[in-house]
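This report walks through one protein chain for a reader who has not met it before. Please keep the sequence and the structure at hand while reading.

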Amino acid sequence: MPLNEQDHFLSYNGEVLVFQLSKPKHAEEADDKTVNLCVRRMAFNRDTKLFDQKSSGVFNMGASHSKIEMVCCSCTTDSRTGLILPCILMKKKKRNNVKYFLLLLHGSNQFEPSFYFKLDYELKEDIRLFAGPSLLWRHASKLFYISSNTCVVQSAPVQLSAVVWTGEIVGEGTVVLGIRTACLPEREDPDGFSVSDRAIWGSEFFGYAVQTQKMLTGTCFMPHAYSRVVSSVYVCKSERLKTQLRISLVAITHKNQLIWFQNGALKGVCELPYEKPHSVKPALTSSNDLLFVVSFASGNSCVVQRRDSLQVASKWQQVKCVLVDDFIGSGSEQLLLLFKDDSSTEALSTFKITDLGEVNYASGINYKHDVPAAEGLQENGLLTVRALETRLQAGWTSVRELQQHLGLQKRVILESCRALIDLVEERTHILPNSKEEGLVSLWDDVENPPDSLSKEPSLAPEVPEHFTEELWQRVVGDSLVVGVKLTESFYWSLSDVSLSLVMNQDFSSISPIIKCQSKIIKLNKAFSALAISSCQIEPPPKKMKLDLHSKNDLEKEFPRRSARIHLDGAKTVTAVTSLSPLLAFHRVCCVVLLHARKQNHQNDSLQQSKKVTVLCGKILLSLEDISNGRYSVKMLRDNSYCTGSMEDILAVLAVSVRFSFQIVSCDYTLTPVSSWLLGEMECTPFKECQDNIFCHKAGNMHGTIFNWALKNPFEGVLTIFCRNLTVLFQCLHSLTGVLPPSCSVKLLRSGSQGALTEQLALALEKEMLTLKNSLFLKKTKAENSLTWGNESGKKVSNAPLASSLDTEEGVQQFRKKLQNEREESVRSMNQTMKGALYQETALKIAEAQLSSDMIVWRLA
């Protein structure tokens with residue numbers, strides 16, 4: 001065969017690759033010892049309706065005393081990179097042996113030799129390329145394969161008469177579907193159908209997993225009765241439901257049929273228009289129609305469409321090759337038919353691109369044997385396009401409405417931020433006109449006179465003039481820490497305390513509210529640091545969580561009942577936010593706001609709380625100050641002490657995560673822990689709070705704060721304040737290296753067991769008092785009265801009963817009093833309660849129960 005007739009075509013990423021073997025221009029000088037493998041990348045031009053050459057490449061091969069041919073080409077996966085690349089199998093035939101080698105084509109048109117092997121025979125039957133790249137073939141009823149990983153020819157332990165498909169199956173890897181002589185077992189299966197079927201037809205389907213060398217049952221693909229007529233198969237879909245393999249495929253037969261199987265059962269049959277079909281491939285068009293392209297040995301082709309049933313949609317004659325890809329760049333697949341044309345030497349001179357719908361490009365040739373697509377299919381395609389256009393228009397309308405809504409929402413949020421800034425700066429904020437903003441008021445627009453507002457009582461709780469002692473800021477890593485030190489009298493009247501930062505600049509495109517996380521840092525008289533987040537971990541809910549009007553922390557509710565939680569005079573609230581977004585403005589001014597609930601006690605001993613928002617001050621932040629280290633944390637060594645200030649310590653605690661571990665040793669004392677902290681971890685105690693020590697060790701653990709408290713020589717609690725979990729794991733790994741082997745380390749959820757036990761007792765006491773006050777809301781008017789409450793104000797006489805019962809008048813009086821007591825008792829048992837009071841009582845009870853449940857969960 002002349003070299004110029006050995007053209008191979010391959011579709012790749014919407015392009016057509018044309019492979020040709022040719023002699024070099026200086027062939028006379030080379031004495032015919034060199035053959036070039038040329039590749040041309042052709043792309044379809046929608047303007048000229050022709051294929052243009054984009055690029056080309058050449059691979060030189062020595063051909064001394066040998067004949068070089070292209071065997072086949074396909075797109076396979078390169079196992080090294082996972083990329084799908086064109087792969088070409090070449091044959092170099094000499095007198096005594098045949099050498100085969102695989103070439104990979106890269107995007108730069110460079111050919112890369114993958115592997116080669118030699119055989120004493122030629123490959124002629126069932127040659128398949130698959131992922132790796134790998135190659136398999138059939139010879140003398142045996143299956144052989146070789147991959148780029150081993151480069152060694154291997155033989156599969158199976159005998160087969162044909163290979164009908166090779167591809168990937170879910171959970172099995174590369175699978176070969178073949179036909180072999182039926183292997184009948186000595187004993188039939190329980191159902192008996194499979195054995196009898198194989199005995200009648202004498203052959204059976206089977207699947208062989210190449211990587212795992214596992215045999216698969218052929219009946220999950222199709223019944224064994226079709227094993228004598230099927231010539232080629234294409235697996236459309238494979239999936240696993242538990243342990244069962246489900247397969248959907250189409251097969252072509254020697255009887256000129258295309259059959260559709262699903263889970264081993266026949267679903268449809270279509271008669272093909274020509275004889276001797278030899279291959280089938282799928283195509284998914286723009287109308288979501290699944291087409292099957294069938295090629296015949298005579299050079300003809302047809303397309304079978306699968307909807308409710310299988311039917312031939314179109315057919316062609318004198319077809320040289322059929323390729324499937326997105327050649328016009330529409331996002332769906334089309335068919336490229338290359339026709340035989342002896343009058344032209346160009347590879348892509350006569351062609352047709354179609355999807356049996358709207359797409360129909362062809363070169364200027366006369367298709368006298370071309371049978372057009374059915375008129376019904378063309379009409380359905382037009383209706384589908386119109387429906388898609390209507391849906392697209394409706395989608396664009398929805399997108400525009402959503403954009404308008406988002407724009408309005410953004411303007412409302414920015415206006416709210418401006419109003420908040422004006423409120424903080426004590427300026428009068430002028431609201432924009434609702435008609436200009438496109439808003440409609442939800443209430444009736446009734447203008448109140450200006451003096452009517454002054455007559456209403458103020459809703460804001462009274463705030464003392466001096467409630468803050470200090471406002472400070474620190475930079476720790478990529479975090480900005482802002483702290484507010486509150487006075488003791490103001491702090492004890494608050495709950496749910498948090499800080500927020502608002503940029504003082506007027507931005508039109510971004511929100512001035514800065515996202516931050518608030519924490520309350522408490523230091524007791526012994527300076528034992530406790531970092532308590534305002535958003536603590538909660539136990540899983542039992543049924544539902546009530547939205548309480550007041551959430552009282554037990555440590556604030558009972559401040560002086562326990563010596564362990566008796567805190568120092570000043571309390572510090574911190575806010576932590578990311579620093580890098582603020583530095584983008586180079587210089588920024590932020591207003592610091594404090595949010596809390598202020599507690600008020602009424603005569604009925606039930607607490608009410610009102611939200612307060614007060615201005616704490618402003619902070620200035622600039623890139624120059626950050627660069628000069630003005631707000632940096634300074635932790636230096638000075639005579640075995642760490643010289644960090646109280647603000648530096650609080651800043652480090654604010655950005656750290658707190659973990660407490662209970663360490664118990666049964667056989668040895670825990671003296672190695674102190675040695676480990678002062679020695680290996682290079683820790684030094686703070687001058688201000690010597691119970692806490694700062695880690696100066698270089699690396700990730702630098703800046704970690706430890707607190708080691710011994711309960712007895714064999715038990716202690718180690719508290720670690722670290723930046724992240726990685727630092728925590730490094731510290732624990734170093735600690736376990738010095739602890740005795742019999743030590744047990746247990747993570748404590750929150751605080752020590754003794755403190756939690758005492759808090760639980762206080763919580764249960766509070767719960768009991770809440771229940772008691774709720775049940776006995778109406779106090780008795782007389783402590784010694786025998787009745788619940790006497791409306792006449794009279795008391796029951798305590799005189800001896802004998803003196804009062806001597807006369808008939810005394811008996812009648814006693815009987816009347818007894819009757820009054822019974823009636824009053826019935827009335828007291830049937831007392832009613834207003835809805836607002838009942839709601840408040842239920843919320844107080846639920847709050848007390850949730851507090852005790854939280855502590856029980858921490859103790860668990």
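Over residues 778-799 the pLDDT stays under 50, and for this stretch the model has 15 contacts beyond four places in sequence. The model is a predicted one, and a second stretch with pLDDT under 50 covers residues 188-193, for which there are four contacts beyond four places in sequence. Taken over the protein chain, pLDDT averages 76, and 74% of the residues score at least 70.

**The chain as a whole**

The protein chain has 860 residues, of which 43% are buried, and its secondary structure consists of 16 helices and 43 strands. When contacts between residues at least 6 apart in sequence are considered, 55% of them join residues that are at least 24 apart.

**Nonpolar cores**

In soluble globular proteins, nonpolar side chains tend to be buried together. Here the largest nonpolar core holds 28 residues, and the members that touch the most other members are Leu480, Leu486, Leu494, Leu499, Val592, Leu594 and Leu621. At least two residues of this core come from each of strand E30 (479-486), strand E31 (494-503), strand E35 (571-578), strand E36 (587-601) and strand E37 (607-622). Another core, of 23 residues, lies apart from it and includes Leu670, Cys695, Cys722 and Leu735.

**A sheet of four strands**

Strands of a sheet pair through backbone hydrogen bonds, either parallel or antiparallel. One open sheet in this model is built from four strands in the order E13-E14-E15-E16, and the pairing is antiparallel. Strand E13 (162-169) and strand E16 (214-217) stand at its edges with a single partner strand each, so that one side of each has no neighbour in the sheet. From one strand to the next, the twist averages 30°. Within this sheet, strand E14 (residues 173-181) and strand E15 (residues 203-209) run antiparallel and are joined by seven bridges, and Ile179 stands opposite Phe205 in E15.

**Loops with particular backbone features**

Several loops between strands, or between a helix and a strand, contain a residue that deserves a separate look. In the loop between strand E9 (125-130) and strand E10 (134-139) lies Pro133, which is joined to Gly132 by a cis peptide bond with omega of about -5°. Two residues other than glycine have a positive phi, and the table sets them side by side.

| Residue | Phi | Loop | Relative accessible area |
|---|---|---|---|
| Gln318 | near 55° | between strand E24 (310-316) and strand E25 (319-325) | 43% |
| Glu682 | about 55° | between helix H11 (671-678) and strand E39 (683-685) | 35% |

Gln318 counts as partly exposed because its relative accessible area of 43% lies between the limits of 20% and 50%. Glu682, at 35% relative accessibility, is likewise partly exposed.

**Asn300 and its surroundings**

Is Asn300, in its loop, buried or exposed? Asn300 lies between strand E22 (290-296) and strand E23 (301-306), and it counts as buried because its relative accessibility of 9% is under the limit of 20%. The side chain of Asn300 is joined to that of Ser298 by a polar contact of 3.1 Å. Setting aside neighbours within four places in sequence, Asn300 is in contact with Tyr274, Val294, Ser295, Trp316, Gln317 and Gln318. Gln318, one of these contacts, is a residue with positive phi listed in the table above.

How values were computed. Residues numbered from 1 in each chain as written. Predicted model: local features only at pLDDT ≥ 70, side-chain atom pairs only at ≥ 80, totals over all residues. Heavy atoms only, no water. Buried < 20%, exposed > 50% of the residue type's maximum accessible area, 1.4 Å probe, protein only. Core = buried A, V, L, I, M, F, W, Y, C linked by side-chain atoms within 4.5 Å. Polar contact = N/O pair within 3.5 Å; in protein donor to acceptor, adjacent residues only side chain to side chain. Contact = heavy atoms within 4.5 Å. pLDDT = per-residue confidence, 0-100. Pairing = 2+ DSSP bridges. Axes fitted to C-alpha atoms, helices over the stretch in contact; angles between N-to-C directions.
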